[in-house]
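Welcome! Here is a short guided walk through one protein model, taken a few places at a time. Keep the structure open beside the text as you read.

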Amino acid sequence: MDAVLLFAAEDLIPPDEHEALEPLMLGEVRSLEPVRGCFATGFPRVGRDSGTTPRAEQFWGTLAPGVGSGNGKLVLSSEGIPPHASQDEKSPWSGLSGAAVFFRNFLIGLIVEDDRPGRWRHSRVGVLTIARLFEDTSFIDVLRQHLGRALVLNGITEQEIADAEFEHRYAQVMRAEHGKIRIFGLDLSRSNNRGLDLETAYLSLEAVSSGSDYDRTGEHDHDADLMLSSAKVEMSFRGKHRILLRGQAGSGKSTLMQWLAIKSASGGLSGELSVLNNRVPFILRLRAMYRLDNLHPSPSQFLGVGNILIASDQPNGWADRVLRDGRALLLVDGMDEIPDEKRDEAREWLGWILEHYPNVWVLVTVRPSAVPPAWLRDYHFDELALLPMNGVDRSIFIEKWHQAAALESSAAPGLSSLEHERVAGELRELQENLKRALEVTPQLAALTDSPLLCAMICALHRDRNGALPNGRMEIYKAALGMLLARRDQERQVELELEEDEHRAFLQEIAAWLVGEGLVEGGRSDAEHQIERMLPSLNQISHKFSVEQLYDHIVERSGLLTETTTETFEFIHRTFQDYLAAQEFKEARNFKMLAGRAHEEQWGDVIRMAVGHCDYRDRAILLRNIIDEADASKDEEIRREIHLLAGSCLPYATRLDASIRTLVLDRVLEHMHRIEYGVRGNIEKLAAIGDDLISVLPAVNAKPWVIDVLGEIRSERALEALMEISQSSNESTLNHIMRTWRSFDAKKFAEKILTQIDCSKLTVWVSERDQLAELKKLGSIRRLVLDGATQDWNTVESLEGVETPVFGLYNTTLRDLEFLRQVRNVRNLDLFGCWGLVDISVLSALELETLNLVDLMSVESISSQLSDVLSAQSQVKSLGLGFNELETLDQELRLPNVSTLKLWYPRRGVETMRRVALVFPELESLSFYLPGGEERRVIDLSPFSGKEKFLVHVSGGSVRPSVRGRRHFAPGSLMLDMIG
C-alpha cells in the first residue's frame, strides 16, 4: 500500500486554534459519476522558489471513479494546464505525493503518482482512496487510537453530504440533551441543575440472561456456565442486536440508554460494543409517545416524538435511509410507562419497524413484571435482567457520589479555597463512614441495591450528619422532607407554602397521573388539579393564582421537572408512586386500590399505600386485595394479586397476625404452579421477604428455593441456606455456592463453606473480600473468579489455594502471574478478560483443558497465543472465541487437540477449512452461537474424511444451516443441535 502514517513530534497547530477546528470528515465515492470540484494542496518541487523554499500549490479537477486499476486507486484529472517539469524532474508534480485530496471538507484520498504521463501529459494523478486504507484494520486502529474517536466513511453526493452534516449536528444535540444526568442529593441548590457529566457518573451494572441465570435443575453444565454467568451489562450485549432489558425502578435502565446514545453517536464505544460506533441513536420514550397519542410513529416522526430541537431540520427521508442502511440505534424506553392495554399496540409497532428495517439494533426497557416472559420472542429478542447492585457497585457509587458532591461544592460561589478544602475533607470522611456503616448493617446495605436508593442514602447520610433511616418507606419520607425543607432554606421566595401544603399539591398531582396511567402530564392538567384543591386551603386560595402556584411547585420542590414548556414529570417515578399512595391512603380509597391490584403499573403504589397505612387500615387494605384475588376466575390474575399481597408484607411493619397468615396461605397455593425457570418469578417471591422463609421447604429444597433465598439476602435467608446445606446433595450445594455474592463474605464462609466438603464443588468468587476466605476451604473442585471489574491484578490470597479447575472472567486483568500461586490447575477457563497483555505464564502450566474466549486485547497477545498453544502439548480439549481463532499462526498445527469448542463463529467454510488444518486429529467440534436474527452457516465438508465426528450446536435465536453432511460416510457424523 502506497501510504504511511506519520506522527509529528509536537503539535503543528496551536492547541487554542485546534479546538476551533471541525473534526476531520472522511469521504468515499460510492458511484461511477465523476466528482467535480476536488482539490489537493501540496508542495511540488516545481513550485519552490529557487528550487529550495517550499510553496503550497493546489491541484484541482475532477475525480473519475470509472477510471483506475481496480486496486483502490482512482484518477484525478486536472482542470488547469499542467506546469512544465524542470530538466531534472520527470514530472512537474514531483513532491506532491501524499497530498490530501478533498471534496469540500471531506478527505477522500492521497495523491500517490503521476498517472501515465506519457499519454496524459501530466494532466492526471493517481489517488489512493481512504476507503482502500480502511481495508487495513491495523492502520485504522492506530489512527483511531491517536485521534481518540472512531472513524466513519461518508458518502459525498449532495444527499449524503446533507445527511452527514445533519448527523454531525444531531450528535451534538444528543450530547447536550442526554450528556448530563441528575443524581439525587447533588442539585439541591440548583447551582448544578444541568446535572453531572454522564460519562463521569455512569456506573456499569451487571445483567444476566433473563430466565437463564442459573440452571434450575441444579445440574451445572461446565461450558454453559461460561455463557450464563452474570456479566457487566455492556458485555452481556455481545452477539445480540435485539434486547429486552428488565430492571427495577431506579436500577439505571434509562441512564444506560442515555450512555449508549451519546457514546454511539461520538464513536466512543469499545470492545464488543464497538460495532455500535457512529450509529444514529433514536431515544423514544413511550410515555411521551402515549401523551402525544402516537404509539406508532414513522421514522420521520422519531425526532419529533423525542422532542429534539432540530427535528424540523432533518433532510427529507433521512431517518428512513438511516434505518434502511442498518445504521440506526433504536432505544425504546419504558414499556411499563404506558397503560397495560396499550402495550400490545406498542409491540405491534415495534414489529412493524423491524419487519421493514430488519438490520436495526434495538434495546427496549421495561420493569420486571410489566410484560410476560418471551413477550418479544416472535421478533427474535434476547431478554436480559439488570441485577441489583453488589457490594463493589455500591462502593464505587458512593465514591462517585461524594466526588461529585465535592465538585459541586467547588463550583459554589463565595467560598474560599480553605472552605472548599474543609468541605472536601468532610465529604471524604462521610464517604468512609457511610461505607463502614453499611458493612456492619446488612439490613441497611440491602436497601442500597439500586443507584436511586444508594443516592438517597448518600444524601440523607450527609444531610443528617451520619444518621440514617431504617427502612425503604423511611428513606422515601426523609428524602422528600429533605428536598422540601432545604428548598425553603436555600432561597428566599415571595410565595411561601407550608411543607404540608406543598406536599398536598404534589400528592394530588401524583394521584391524578397514576389514575390516568401517565408518567408525563400536561401543565394545564396539573393546574386543574391545583385549582380543585384550592378551596380546601383557605390560607392561600385568595392570595395566588393557579399559574403562580404551579410555577412555584415546579421551581421549589425539586420533585417536578418540566419536559417541555407545557409538560412535566416527577424526577423519578418512585416519588410519583409514593405521593400518590399517600393520597389514596388519606382518601381511604382501599376498594379502588384493590380493584387495580391486577395492573402491573399499580404494584408499587399499592405496596407503598400499605406502608403509609396505620395498623388497622393496613389490615383492611390487604383484606380487600385478597378478596379481589379470590373473586377472580382467572388463575393467572389470582396468582399475580396474591403474590402482590405477599410483596406488601415487608412494608407492613405492624400487621394483624391473622392477616399475615392469610396472605402467606394464599401465596402457598401457587407455589407448585409457578414457573421457576423465569427470573422474574423468583424476584416476585423474594419480594415477600423474610415472612416467606418460614413457609419454604428446608428439607430436599429445590433449586428455586435457594434462588429465592439468595434474592432475599437477609440474615434469616442465610440461616435458612445454612440449614439446607447440612442435608443436601452435591448439585444442591453447588447451587448454594452461587448465592455467596448475596451475603456478607465472612458470615457465609463461616456458616456454610467451612461446614461442607468443597473438593467436589464449584466455588464462585465475585468480590475481593471473598478471597480471604478461600484458604479455609481446603481443596476446591472448581474455582471461578467472575468479578467483572474487580482488581485481581494484586491478588495475594490465592497462595496455597488448590483447585484442578480454574475459571476467570475479568475485564481489568493485565497478566496472569497470580496463577502461579494456585496449585494443581489442570483445566483453565479465561472468558471476557479484555485487558490481558501478557499470557506467557500459561506456557508454564500443565493443562489438559483450556478455554480462551473474548480476550478483547487479542491483538496485543496474538504473538503469544500460538506459542502458548504449542507449549500446551497435553491439552486435549480447547475452547476458542472467533477472534482468538483468527489470530493463530497460519502454520500452527495442534494434533494433540481432539475436542474443540468455538464461541461466536462468524464465517462458514473459510473458518472450517482453517480449523481442519490447525486441528488435524479433531474428533469433536462444538459451536456456541450468538443471539440475533442472523442465520449462521456451518459447513462441515472439510471434515468429511473422518470416520467418527461429533458436532454439537447450541445458542442462537435462529436455527443455523448445517451444510456438507452429504459428504460424510453413513454413520460417521453425529450431529446434536439444541435450540
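Phe282 stands opposite Leu330, a residue of β15. The model you are looking at is a predicted one. Strand β14 and strand β15 (residues 328-333) run parallel and are joined by 6 bridges. Pairing of this kind has a general basis: strands of a sheet pair through backbone hydrogen bonds, either parallel or antiparallel.

How many of the residues of β14 are buried? The count is 6 of 6, and the strand is mostly covered. In a regular strand the side chains alternate between the two faces of the sheet. For β14, one side carries Val280, Phe282 and Leu284, the other carries Pro281, Ile283 and Arg285, and both faces are covered, with all of these residues buried.

Leu284 is a good residue to pause on. It belongs to strand β14 (residues 280-285). Leu284 counts as buried because its relative accessibility is 1%, and the cut-off for buried is under 20%. Leaving aside residues up to four places away in sequence, Leu284 touches Met289, Phe302, Val305, Leu330, Leu331, Val332, Asp333 and Trp349. Leu330, the residue opposite Phe282, is thus also among the contacts of Leu284. For a sense of scale, Leu284 and Val75 are 209 residues apart in sequence, and their C-alpha atoms are 45 Å apart in space.

**A helix among helices**

Next, turn to helix α31 (residues 703-712). Is α31 enclosed or open? Of its 10 residues, 10 are buried, so α31 is largely enclosed by the rest of the structure. The buried residues are Pro703, Trp704, Val705, Ile706, Asp707, Val708, Leu709, Gly710, Glu711 and Ile712. Their cover includes α29, α30 (690-693), α32 (715-725) and α33. After α31 comes Arg713, which has a positive phi, near 65°.

Two of these neighbours pack against α31 as follows.

| Helix pair | Angle | Distance between axes |
|---|---|---|
| α31 and α33 | about 20° | 9 Å |
| α29 and α31 | about 60° | 8 Å |

Helix α33 covers residues 730-737. Angles under 35 degrees count as roughly parallel, and α31 and α33 are therefore roughly parallel to each other. The crossing of α31 past α33 is right-handed. On the α31 side the contact involves Pro703, Ile706 and Asp707, which meet Thr732, His735 and Ile736 of α33. By type, these contact residues are 3 nonpolar, 2 polar and 1 charged. A general point helps in reading such lists: an α-helix has 3.6 residues a turn, so residues three or four places apart point the same way.

Helix α29 spans residues 679-686. With an angle of about 60° to α31, α29 is oblique to α31. Here too the crossing is right-handed, as α29 passes α31. From α29, the residues Arg679, Ile682, Glu683, Leu685 and Ala686 take part in the contact, and from α31 they are Trp704, Asp707, Val708, Glu711 and Ile712. This contact has 6 nonpolar residues, no polar ones and 4 charged ones. Asp707 appears in the contact with α33 and also in the contact with α29.

Which residues does Glu683 touch, not counting residues up to four places away in sequence? They are Gln248, Pro368 and Glu711. Glu683 is found in helix α29 and is buried, with a relative accessible area of 15%.

**The open sheet**

Further along the chain, 10 strands form an open sheet with parallel pairing. Their order is β21-β22-β23-β24-β25-β26-β27-β28-β30-β32. β21 (762-765) and β32 (973-977) stand at the edges and have a single partner strand each, so one side of each is left without a neighbour in the sheet. From one strand to the next, the twist averages 10°.

Within this sheet, strand β25 (residues 849-853) pairs with strand β26 (residues 877-881) over 4 bridges, in the parallel sense. Thr849 stands opposite Ser877 of β26.

A last stop is Ser926, which lies in strand β28 (residues 924-929). Ser926 is buried, and its relative accessible area is 9%. Apart from residues up to four places away in sequence, Ser926 touches Leu900, Lys901, Leu902 and His952.

Methods: Residues are numbered from 1 along each chain as its sequence is written. This is a predicted model: local features need pLDDT of at least 70, side-chain atom pairs count only at pLDDT 80 or more; totals for chains, interfaces and linings use all residues. Side-chain values use heavy atoms; hydrogens and water are left out. Two strands pair if DSSP finds at least two bridges between them. Helices (H or I, at least four residues) and strands (E, at least two) are DSSP runs, numbered from the N terminus. Axes are lines fitted to C-alpha atoms, for helices over the stretch in contact, and angles run from 0 to 180 degrees between N-to-C directions. Buried means under 20% relative accessible area, exposed over 50%, partly exposed in between (1.4 Å probe, protein chains only). Contact means heavy atoms within 4.5 Å. Angles under 35 degrees count as roughly parallel, over 145 as roughly antiparallel, 65 to 115 as roughly perpendicular and the rest as oblique. A crossing is left-handed if the near helix is turned anticlockwise from the far one by less than a right angle, and right-handed if clockwise. Ala, Val, Leu, Ile, Met, Phe, Trp, Tyr, Cys and Pro count as nonpolar, Asp, Glu, Lys and Arg as charged, and the others, Gly among them, as polar.
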